[in-house]
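Biologist: Could you take me through this model before I go back to the bench? I would like to begin with the charged contacts and then move on to the fold.

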Amino acid sequence: MRNRIAAVVSVFGELLITVGVLMGLFVAYSLWWTNVLADREAGKQSDAVRQRWTETDTGPGALDTRDGIGFLHVPAMDNGEVLVKEGTDEKVLNDGVAGYYTDPVKSALPQDEKGNFTLAAHRDGHGAKFHDIDKLKFGDSIVFETKDTWYIYKVYKTLPETSKYNVEVLNPVPKQSGKTKAGRYITLTTCTPVLTSKHRYIVWGELERTEKVDKDRTKPAELRG
């Protein structure tokens, strides 16, 4: 009898291990495959935006918000260029892009004289554009590219974990970052810890300078080398 029970327990244990391994493989495959699909879609959308930039004249300083307002470049995250579109819901972010907030606190746009340019992107799956957000540190560059202007920001503060309900990090003056006066800020947000959406990871930057885009679209020094 004891041998039979032991055999049953052994088989049940092996089944649990097998199920666990299969679930782990499924999760890994799902994340990998959503990255493949999202990167493919993001590439198509990015190409469309750049093509339109060569074909239309929106006027000096204007942002073309039709299918994307520009591209985010963050060397420390080594994630290439990230198309930025309006909105932060899954319908937008699942295409492997970043989105700027329209609610609960409306984002400023880079060309605004004052305000906080607030962005979100996935950390895992669906392109995982902010996967390495934890690599950003004080003084690192965050560059935003529009049709005619480069906006160069510098990181001045990070918040490794906060409640996903903490919308104050998106305020025009992000006081939790230590700022008390209006300026030209950028805020990157994503889920944390990795593979969960329990909390939010925040990075704040401040505009250091702008550069006009030349005919060759020469990158600023922060993106060279």
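Modeller: Keep in mind that this is a predicted model. A good place to begin is the salt bridge in which the side chains of Lys129 and Asp39 meet, at 2.9 Å from N to O. This pair links distant parts of the chain, since Lys129 sits in the loop between S4 and strand S5 (141-145) while Asp39 belongs to helix H1 (residues 2-55), and the two are 90 residues apart.

Biologist: Is Lys129 buried or exposed?

Modeller: Lys129 counts as buried because its relative accessibility is 12%, and buried means under 20%. Its partner Asp39 is partly exposed, with a relative accessible area of 38%.

Biologist: What does Arg50 pair with?

Modeller: The side chain of Arg50 meets that of Glu145 in a salt bridge of 2.8 Å, N to O. Here too the pair links distant parts of the chain, with Arg50 in helix H1 and Glu145 in strand S5, 95 residues apart. Glu145 is buried, with a relative accessible area of 2%, whereas Arg50 is partly exposed at 22%.

Biologist: And which residue forms a salt bridge with Asp132?

Modeller: That is Lys135, and the closest N and O atoms of the two are 3.8 Å apart. Asp132 counts as partly exposed at 22% relative accessibility, and Lys135 also counts as partly exposed, at 49%.

Biologist: Which residues are joined into one network by salt bridges that share partners?

Modeller: Lys154, Glu208, Arg209, Glu211 and Glu222 are joined in that way.

Biologist: How many salt bridges does the structure hold?

Modeller: It holds 13 salt bridges, among them the one between Lys129 and Asp39 and the one between Arg50 and Glu145.

Biologist: Changing topic to the strands, in what order do they close into a barrel?

Modeller: The barrel is closed by 8 strands in the order S1-S2-S3-S4-S7-S8-S6-S5, and the pairing is mixed. Neighbouring strands of this sheet are turned by 30 degrees against each other on average, with direction ignored.

Biologist: How many bridges join S5 to S6?

Modeller: There are 5 bridges between S5 and S6, which run antiparallel, and a hairpin of 3 residues connects the two strands. In this pairing, Val143 has Ile152 in S6 as its bridge partner.

Biologist: What about S6 and S8, in which sense do they pair?

Modeller: Strand S6 (residues 149-163) and strand S8 (residues 199-212) pair in the antiparallel sense over 12 bridges. To place yourself along the pair, look for Tyr151, whose bridge partner in S8 is Thr210, and for Thr162, whose partner in S8 is Arg200.

Biologist: Which strands does S4 pair with?

Modeller: S4 pairs with strand S3 (residues 98-100) in the antiparallel sense over 2 bridges, and Gly99 stands opposite Ala120 in S4. S4 also pairs with S7, in the parallel sense and over 6 bridges, where Gly115 stands opposite Arg184 in S7.

Biologist: How many of the residues of S4 are buried?

Modeller: S4 is mostly covered, with 6 of its 6 residues buried. In a regular strand the side chains alternate between the two faces of the sheet. In S4 both faces are covered, as Gly115, Phe117 and Leu119 on one side and Asn116, Thr118 and Ala120 on the other are all buried.

Biologist: One last topic, then: how many cavities of 30 Å³ or more does the structure hold?

Modeller: It holds 1 cavity of 30 Å³ or more, and about 50 Å³ of space lies in the largest cavity.

Biologist: Which residues line the largest cavity?

Modeller: Its lining is made up of Ala108, Leu109, Pro110, Asp112, Lys114, Gly115, Asn116, Phe117, Tyr153, Arg184 and Tyr185. By class, that lining has 6 nonpolar, 2 polar and 3 charged residues.

Biologist: Which strands each supply at least two residues of that lining?

Modeller: Strand S4 (115-120) and strand S7 (184-192) each do so, and S4 gives the most to the lining, with 3 residues. When you look at the lining, you will meet Gly115 and Arg184 again, which are the residues that stand opposite each other in the pairing of S4 with S7.

Note on methods:
Residues numbered from 1 in each chain as written. Predicted model: local features only at pLDDT ≥ 70, side-chain atom pairs only at ≥ 80, totals over all residues. Heavy atoms only, no water. 1 Å grid on protein atoms, 1.4 Å probe; cavity = no way out; pocket = protein on both sides within 12 Å on 5 of 7 lines; lining within 4 Å. Points joined across faces, edges and corners; volume = space filled by probe spheres on them. Helix = DSSP H or I, 4+ residues; strand = E, 2+ residues; numbered from the N terminus. Nonpolar A, V, L, I, M, F, W, Y, C, P; charged D, E, K, R; others polar. Pairing = 2+ DSSP bridges. Axes fitted to C-alpha atoms, helices over the stretch in contact; angles between N-to-C directions. Salt bridge = Lys/Arg side-chain N within 4 Å of Asp/Glu carboxyl O. Buried < 20%, exposed > 50% of the residue type's maximum accessible area, 1.4 Å probe, protein only.
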